[in-house]
Amino acid sequence: MKILAIESSCDETAAAVVEDGRQILSNIVATQVEEHRLYGGVVPEIASRRHAEAISGVTREALQAADVTLADIDAVAVTAHPGLIGALLVGVNFAKGLAFSANKPLVPVHHLRGHIASNYPSHPDLKPPFLCLVVSGGHTHLVLCEDYTTFRIIGRTRDDAAGECFDKAARAMGMPYPGGIALDKRAEGGDPHAFVLPHPKVEGSPFDFSFSGLKTAVLNQLHNAKQRDITLNIEDLCASLRFTVADILVSKTVAAAKEYGMSTVVLAGGVSANSELRRQMQAACDKEGFKLYMPPLSLCGDNAAMIGAQGYYEFLAGNVADLSLNASATMSIE
Ligand code: KG4
Ligand code: ZN
């Protein structure tokens, strides 16, 4: 079954053709990041306009690159939630138009379910149940994936997401948006133990996260150094923050896997590209005897192939929408 998938929840306009949830026939991403960089973050109104300009061309390119026409497509999948509402609406309305005009089923996909499914094309043996750490710019969730379309959140951030913590700290250090990637690179030459940063705990909720105190600790280091006219070693600060975030994410993931009897661990979301997180998670899973699956770097960020992969399983589960489908800015993965 060939699915044409559309993703426009944030600042990438993306379209892909995916076969049976596992084989990527094409995967086109048009990023707007350069334009948003001028403002230090995503400007929702600009994002919507750019999606509207790009979406037809990106979709045509995805069909051409897969060497198919709309007639060869069996269903149209689209990210319907969560995300920037104006941005989502461009993708949802475009997908509705295509599905209606070509008389194809319309499959709404949850963006975070899509991130989890970004693992399926490169790991043919990966099947639920498993425990997934979903770490993106807006979310940090520990999710029990009981089935392809049955999810249970067992931990979540109480304040900032891990990606947000990286982005805000990086911005304060003068790095361009999205700071997480730049911070990861600067950290490579630094000493991860140069700065002792807090490990915030959420009382009574062992699998919940809190990153705002950690972000504030980094901002305080920067402000204090400025006031005292001291030059901080930025590589060391980046390495210490990256090490601490990865340590928090990995230790809670391992504890949750033990608590819930899961021996398969999966990483997903933009922050799963972080090199320290990948290293620490691999080392911890090897030590515990867990099997770890991570998406290839090319599928960590937002893309439509992951929406096509999850769309297949949503279709099999009967999750098909009619033309009253609407986008929503917030929606639980459950
Ligand atoms: O999943 P994603 O592409 O978009 C959302 O759905 O939010 O995640 C974007 C987030 C940003 O916060 C970005 O800084 C972060 O992923 N990110 C990274 C790295 N690459 C992307 N954070 C740390 N290290 C990286 N290598
Ligand atoms: Zn995302």
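Biologist: What spacing do the donors of the zinc ion (ligand 2) follow along the chain?

Modeller: Donors here are N, O and S atoms within 2.8 Å of the metal (3.2 Å for Na, K and Ca), and with water not among the atoms, sites may look incomplete. In this predicted model, His111 (NE2), His115 (NE2) and Asp302 (OD) coordinate the zinc ion (ligand 2) at 2.0 to 2.1 Å. Along the chain, that gives H-x3-H-x186-D.

Biologist: Any ground rules?

Modeller: Residues count from 1 along each chain as written, chains are lettered from A and ligands numbered from 1 in written order. Local features need pLDDT of at least 70, side-chain atom pairs 80 or more, while totals for chains, interfaces and linings use all residues, and side-chain values use heavy atoms, without hydrogens and water.

Biologist: How many residues apart in sequence are the parts that His111 and Asp302 tie together?

Modeller: His111 lies in helix 4 (residues 111-117), helices being DSSP runs of H or I with at least four residues, and strands E runs of at least two, numbered from the N terminus. Asp302 lies in the loop between strand 10 (291-293) and helix 10 (305-316), so the pair joins parts separated by 191 residues.

Biologist: Which helix supplies the largest share of the largest nonpolar core?

Modeller: A nonpolar core is a set of buried Ala, Val, Leu, Ile, Met, Phe, Trp, Tyr and Cys residues joined through side-chain atoms within 4.5 Å; buried means under 20% relative accessible area, exposed over 50%, partly exposed in between (1.4 Å probe, protein chains only). The largest one has 49 residues, with Met173 and Leu249 among those with the most contacts inside it. Its largest share, 13 residues, comes from helix 8.
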